[in-house]
Amino acid sequence: GIDGSGFELPLTATVQAVQPELIGVGGCNEGFLREDALLMVTLIHTNPDQPGNFGSEGTPAEWAQAVIDAKGGDEKSVVAFNIGWGGTECKPSDRICQMVKMFPYHLLADRDELDYSPFFDEATDLVATACAEFIPPG
């Protein structure tokens, strides 16, 4: 779509999805994270996640760390892809972009592009690169 709620909280949702109570035994996301696999975080949004009344709680560093912690502390086991408000350069108020750029493997795309397929192709290549360098724990 081209319109929606301005009260998106993609970072709150991302952090919540990887919490131990959700990914552990009996959680609704049980089995979602695997030690032997990469995690690809894909965020698609029309508005920045700004601090204040309608923004996610926390900071970009805290959100990135929550995802890294869920992957056993291995930041290279995460690929982050953002199609959003800021495009390929982070605007000062675009905390989603700031968080995505904290991962070694990341890709930024502008929400106003007419065709996202080149970005998905690039994201696929980025996953292949990360996978080739990924060493599962153990």
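Helices are DSSP runs of H or I with at least four residues, numbered from the N terminus. The exercises below use this numbering on a predicted model.

**Exercise 1. State which residue just after helix 3 takes a positive phi, and describe the burial within that helix.**

Step 1. Locate the helix: helix 3 covers residues 60-70.
Step 2. Look just past its end. The residue there with a positive phi is glycine 72, at about 70 degrees.
Step 3. Go back into the helix and list what is buried: Pro60, Trp63, Ala64, Ala66, Val67 and Ile68.

**Exercise 2. Describe the make-up of the protein chain, from its secondary structure to its surface.**

Step 1. Count the elements: the chain has 5 helices and 3 strands.
Step 2. Put them in sequence order, which gives the pattern α-α-β-α-β-α-β-α.
Step 3. Consider burial. The chain has 138 residues, and 36% of them count as buried.
Step 4. Consider contacts with a separation of 6 or more. Pairs 24 or more positions apart make up 71% of these.
Step 5. Consider the surface. Its accessible area is about 7,900 Å², and carbon and sulfur atoms account for 54% of that.

**Exercise 3. Decide whether threonine 14 is buried or exposed, and name its contacts beyond its sequence neighbours.**

Step 1. Place the residue: threonine 14 belongs to helix 1, residues 10-17.
Step 2. Compare its relative accessibility with the cut-off. Threonine 14 has 14%, and buried means under 20%. Threonine 14 is therefore buried.
Step 3. Set aside the neighbours within four places in sequence. The contacts of threonine 14 are then Val41, Leu43 and Val67.
Step 4. Connect this with Exercise 1: Val67 is one of the buried residues of helix 3.

**Exercise 4. Find the surroundings of glutamine 98.**

Step 1. Place the residue: glutamine 98 sits in helix 4, which spans residues 95-100.
Step 2. Classify it. Glutamine 98 has a relative accessible area of 26%, so it is partly exposed.
Step 3. List its contacts, leaving out neighbours within four places in sequence: Pro60, Cys90, Lys91, Pro92 and Ser93. Of these, Pro60 is a buried residue of helix 3.
Step 4. Check a distance. Threonine 59 lies 39 residues from glutamine 98 along the chain, and their C-alpha atoms are 9.3 Å apart.

**Exercise 5. State how many salt bridges the whole structure holds, and classify the partners.**

Step 1. Give the total: 2 salt bridges are found.
Step 2. Take the pair of arginine 34 and aspartate 36, with 3.0 Å from N to O. The cut-off for a salt bridge is within 4 Å.
Step 3. Classify these two. Arginine 34 is partly exposed at 47% relative accessibility, and aspartate 36 is partly exposed at 48%.
Step 4. Take the pair of arginine 111 and aspartate 112, with 3.4 Å from N to O.
Step 5. Classify these two as well. Arginine 111 is partly exposed at 29%, whereas aspartate 112 is exposed at 55%.

**Exercise 6. Name the residues in the patch of negative charge, and explain why Glu113 meets the accessibility condition.**

Step 1. List the members: Glu113, Asp115, Asp121, Glu122 and Asp125 gather in this surface patch.
Step 2. Place glutamate 113. It lies in the loop that joins strand 3 (105-110) to helix 5 (117-133).
Step 3. Apply the condition. Patch residues need over 30% relative accessible area. Glutamate 113 meets this condition because its relative accessible area is 38%, which makes it partly exposed.

Key
Residues are numbered from 1 along each chain as its sequence is written. This is a predicted model: local features need pLDDT of at least 70, side-chain atom pairs count only at pLDDT 80 or more; totals for chains, interfaces and linings use all residues. Side-chain values use heavy atoms; hydrogens and water are left out. Patches are made of residues with over 30% relative accessible area and no salt bridge: like charges are joined within 9 Å, nonpolar side chains (Val, Leu, Ile, Met, Phe, Trp, Tyr) within 5 Å. Accessible areas come from the Shrake-Rupley method with a 1.4 Å probe; for residues, only the protein chains shown count as cover. A salt bridge is a side-chain nitrogen of Lys or Arg within 4 Å of a carboxyl oxygen of Asp or Glu. Lys and Arg count as positive and Asp and Glu as negative; His and the chain ends are not counted. The place of a charge is taken as NZ of Lys, CZ of Arg, CG of Asp or CD of Glu. Helices (H or I, at least four residues) and strands (E, at least two) are DSSP runs, numbered from the N terminus. Buried means under 20% relative accessible area, exposed over 50%, partly exposed in between (1.4 Å probe, protein chains only). Contact means heavy atoms within 4.5 Å.
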